[in-house]
Amino acid sequence: MSRGTLYDKVWDEHAVTELPTGQTQLFVGLHLIHEVTSPQAFGMLGERDLEVAYPELTHATVDHIVPTADQSRPFGDDAAEEMMSELERNVRDSGIVFDDPGSGNQGIVHVIGPEQGLTQPGMTVVCGDSHTSTHGAFGALAFGIGTSQIRDVLATQTIAMEKKEVRKIEVTGELGSHVGAKDVILTIIRKLGVEGGVGYVYEYGGSAIESLGMEGRMSICNMSIEGGARAGYVNPDETTYDWLRETDAFADSEGRSPSGSRAKPGGDPEEFERRKEYWESIRSDSDAEYDDVVTIDGDEIEPVVTWGTTPGQGIGISEPIPEPEDLPEDKQDTARRSQEHMRVTPGETMQGYDVDVAFLGSCTNARLPDLRDAAEVVEGREVDSSVRAMVVPGSERVKAAAEDEGLDEVFTEAGFDWRGAGCSMCLGMNEDQLEGDEACASSSNRNFVGRQGSKEGRTVLMSPVMVAAAAVTGEVTDVRELPEVAVR
Ligand SMILES: CC(C)[C@H](C(=O)O)[C@@H](O)C(=O)O
Ligand code: SF4
């Protein structure tokens, strides 16, 4: 008999009991915490004289407030220093592993979990952060939670949840050159709406998704929440297992992974195979029933950019910005307001829209392949003199790996600033912010008014390669049409 979707299976495996509220009490396999949303929850725990029940299943990092230029302590910003100190106190008192700056492991919470092998298929993963959906790329059930839920997880390692419906989103065909995961998810959100996923968990599949690497899958799952779905996942497959083989989770005491692809073969291949058998069993069955199915033609997707102030207001780079009156009635007012804020003209394309800042970073698009792809575009070119451009790697590991490949040099030679890891200008909680009405080509996930630190700031969301193209031309540009350069 069919056991249904991955969502059903993982849910059932983690269900502790049915609560009188109609909710299910779910066991949490991995709880990630950061400095912004955890302090209050620890405070609530203290008030009740409770301790962290399973500190070994909790993992901390600092990302939102860390400076990306000078990280010496105390931080220049008092509020940031206070948040950092409080996190340090809480993790020390509770015995929670903390990846602090300089440890070599610090970074954005949704980058460090997967890269350290903490995130695995079939797990439940929670974090007080809406982009926790990222971890669904591994076939985990991962969702963002609020403060009182963080308290519950700290105190009991369980959470009360209502079951959602599952919508399968199938992206068929093959993505074109310079078209990637970010373009796919922006297309999905545009089609289904920023609230289209409310009440659903998204299962992403189809040839265009399956052919993506883990980082691309993470970019897609990351933005599930921008489409209203609290969680999104991809069924685990060989791509997933190959990626996991290289992480710390299965390495032996000398750091050797089971793949044998490192200097010396090692790790624990048997444990890995045991897990893999289980991971295979939690994939959605071929005859699983979905509450809804949506199909999108991947061959049709071109590089996407946003013209407005929600992630759903996106268009293909060659498409005209919509006339508000051509949109469904409930979208017209928002579109007018967004267009006024962005100062864009309906009927025109976004090509040629002047850009003052280029931001390559965030938990959506600051992993190694994102930086590699962008560096390939940047190599042999120069950042336009009107643009302030920066790369903020997603983690210290990403940064180190990129430096090993010389990507930092490619970027700095072109005129980019090469920074330390953190959320940075994705939301401007540190000193990296837009000024005045600056327009920013950004690889992040939110273009809300004021998001990047300035109320008048204008954010245009796009893929890392499109950010690179905008940086070197000073305007929104179709990366596929950049004139050739001679690369050394
Ligand atoms: C600070 C945090 C609560 C927030 C989130 O939940 O997403 C942030 O990461 C964001 O991207 O806006
Ligand atoms: S990088 Fe941006 S979206 Fe991701 S966790 Fe940080 S602030 Fe939130």
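These are my notebook entries on a ligand shell, one alanine and a small sheet in a predicted model.

**Entry: ligand 2**

I started with the residues around ligand 2. From the early part of the sequence I noted Asp63, His64, Ile108, Asp129 and His131 among them. Further along I found others, including Ser362, Cys363, Cys423, Cys426, Leu427, Ser444 and Asn445. I then sorted the shell by character and got 5 nonpolar, 5 polar and 2 charged residues. Where does ligand 2 lie with respect to domain 1 and domain 3? Domain 1 (6-161) and domain 3 (304-481) both contribute to the shell, so ligand 2 lies between them.

**Entry: alanine 142**

Next I looked up alanine 142, which belongs to strand 7 (residues 141-144). Is alanine 142 buried or exposed? I put it down as buried, because 31 other C-beta atoms lie within 10 Å, and 20 or more is the cut-off. Leaving out residues up to four places away in sequence, alanine 142 touches Val125, Thr132, Ser133, Thr134, His135, Gly136 and Ala231. I also checked valine 28: it is 114 residues from alanine 142 in sequence, yet their C-alpha atoms are 9.6 Å apart in space.

**Entry: the 1-2-8 sheet**

Last, I traced an open sheet of 3 strands, with antiparallel pairing and the order 1-2-8. Strand 1 (15-18) and strand 8 (158-161) are at the edges; each has a single partner strand, so one side of each has no neighbour in the sheet. From one strand to the next, the twist averages 25 degrees. Zooming in on strand 1 and strand 2 (residues 24-27), I found 3 bridges joining this antiparallel pair. Glutamate 18 sits opposite threonine 24 of strand 2.

Conventions
Residues are numbered from 1 along each chain as its sequence is written. Chains are lettered from A and ligands numbered from 1 in the order in which they are written. This is a predicted model: local features need pLDDT of at least 70, side-chain atom pairs count only at pLDDT 80 or more; totals for chains, interfaces and linings use all residues. A residue is near a molecule or strand if its C-beta atom, placed from the backbone, lies within 6 Å of it. Ala, Val, Leu, Ile, Met, Phe, Trp, Tyr, Cys and Pro count as nonpolar, Asp, Glu, Lys and Arg as charged, and the others, Gly among them, as polar. Domain bounds come from an automatic or database domain assignment. Helices (H or I, at least four residues) and strands (E, at least two) are DSSP runs, numbered from the N terminus. A residue is buried if 20 or more other C-beta atoms lie within 10 Å of its own, exposed if 12 or fewer, and partly exposed in between; C-beta atoms are placed from the backbone. Two residues are in contact if their C-beta atoms, placed from the backbone, lie within 7 Å. Two strands pair if DSSP finds at least two bridges between them. Axes are lines fitted to C-alpha atoms, for helices over the stretch in contact, and angles run from 0 to 180 degrees between N-to-C directions.
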